[in-house]
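I sat down with this one to look up confidence, helix packing and salt bridges. My notes follow, in the order I took them.

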Amino acid sequence: MNRARHAALILALSAATAWAGHALAARRATTEAALSAKPADLAATRSRETSAATTNPAAAANDQARAIARCDTADLWKSLQGTPNLPDWFADDVIRELMDRQGIQAVRQALQISDAAACSRLSGRFLNAYFNKDPWAALDLYLAERGRFDPSWAGEGLIAVNKAAAAISAEKLIEVQKATAGTTSKWVSSLEYPADFDFRT
């Protein structure tokens, strides 16, 4: 499948996938209309893979992930940067796929986006995802780059590194919190402490 058809598939999926009840039903007609204009093999493939998704949001999500996995890396980056009003839930699946393929290089690529607003938005989301894969490497990159962005940049990801630090010791948690002081975040999470955690530190 060439790049144009990959891009068409991404756009069709972004308009078609829904997460519950009436939203999924409302978008089904849009999907079918979009596919009727696509090559027969693409329409047939989409039809086979979405038969269960018409009534099952979980199946729709799995179908979307499989379709994204078949796309070229370059096309996935284009969908993130070039698709107006791309839904967050669709962008999250694309980001997860790119993180699986590229690891920390995906974060570095997002940091090189020339448009300042897009760079801040996408690099923050990629780094948030990377915190869940390797919190310590993500923290190093966060500390090196955060001066370029507003205080809320990649704030969600700090939950993961605080959890990792708390699992080590009180001293490590304090070290991380001092290093990230000044960060503004709307995210709240509970921490799990080891049995020997010294709360008096």
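**Entry 1: confidence**

I began with pLDDT, since this is a predicted model. The chain average is 75, and 60% of the residues reach at least 70. Next I asked where confidence is lowest and where it is highest. The low end is helix α2, residues 21–36, with a mean of 42. The high end is helix α7, residues 104–111, with a mean of 97.

I then looked at the stretch covering residues 15–50, where the pLDDT is below 50. In the model this stretch still has 45 contacts beyond near neighbours in sequence. A reminder to myself: coordinates predicted with low pLDDT should not be read in detail.

**Entry 2: α6 against α8**

I moved on to helix α6 (residues 88–102) and helix α8 (residues 116–131). They pack at an angle of about 60 degrees, and I noted 10 Å between their axes. An angle of about 60 degrees lies outside the parallel, antiparallel and perpendicular ranges, so α6 and α8 are oblique to each other. Their crossing is right-handed.

Which residues make the contact? From α6 I listed D88, A91, D92, I95, L98 and M99. From α8 I listed R125, F126, A129 and Y130. Sorted by character, the residues of this contact come to 7 nonpolar and 3 charged, with no polar ones.

**Entry 3: α5 against α8**

Helix α8 also packs with helix α5, residues 73–82. Here I wrote down an angle of about 125 degrees and axes 10 Å apart. That angle makes α5 oblique to α8. I checked the hand of this crossing too, and α5 and α8 cross in a right-handed way.

On the α5 side, the contact is made by W77, L80 and Q81. On the α8 side, R121, L122 and F126 take part. I count this contact as 4 nonpolar residues, 1 polar and 1 charged. Looking back over my lists, F126 of α8 appears in the contact with α6 and in the contact with α5.

**Entry 4: salt bridges**

How many salt bridges does a search of the whole structure find? It finds 7. I followed up one of them, the pair D88 and R125, whose closest N and O atoms are 3.3 Å apart. D88 sits in helix α6 and R125 in helix α8, so I had to look 37 residues along, and the pair links distant parts of the chain. Both residues were already in my notes, as D88 and R125 belong to the contact of α6 with α8.

Definitions and conventions:
Residues are numbered from 1 along each chain as its sequence is written. This is a predicted model: local features need pLDDT of at least 70, side-chain atom pairs count only at pLDDT 80 or more; totals for chains, interfaces and linings use all residues. Side-chain values use heavy atoms; hydrogens and water are left out. pLDDT is the predictor's confidence in each residue, from 0 to 100. Helices (H or I, at least four residues) and strands (E, at least two) are DSSP runs, numbered from the N terminus. Contact means heavy atoms within 4.5 Å. Axes are lines fitted to C-alpha atoms, for helices over the stretch in contact, and angles run from 0 to 180 degrees between N-to-C directions. Angles under 35 degrees count as roughly parallel, over 145 as roughly antiparallel, 65 to 115 as roughly perpendicular and the rest as oblique. A crossing is left-handed if the near helix is turned anticlockwise from the far one by less than a right angle, and right-handed if clockwise. Ala, Val, Leu, Ile, Met, Phe, Trp, Tyr, Cys and Pro count as nonpolar, Asp, Glu, Lys and Arg as charged, and the others, Gly among them, as polar. A salt bridge is a side-chain nitrogen of Lys or Arg within 4 Å of a carboxyl oxygen of Asp or Glu.
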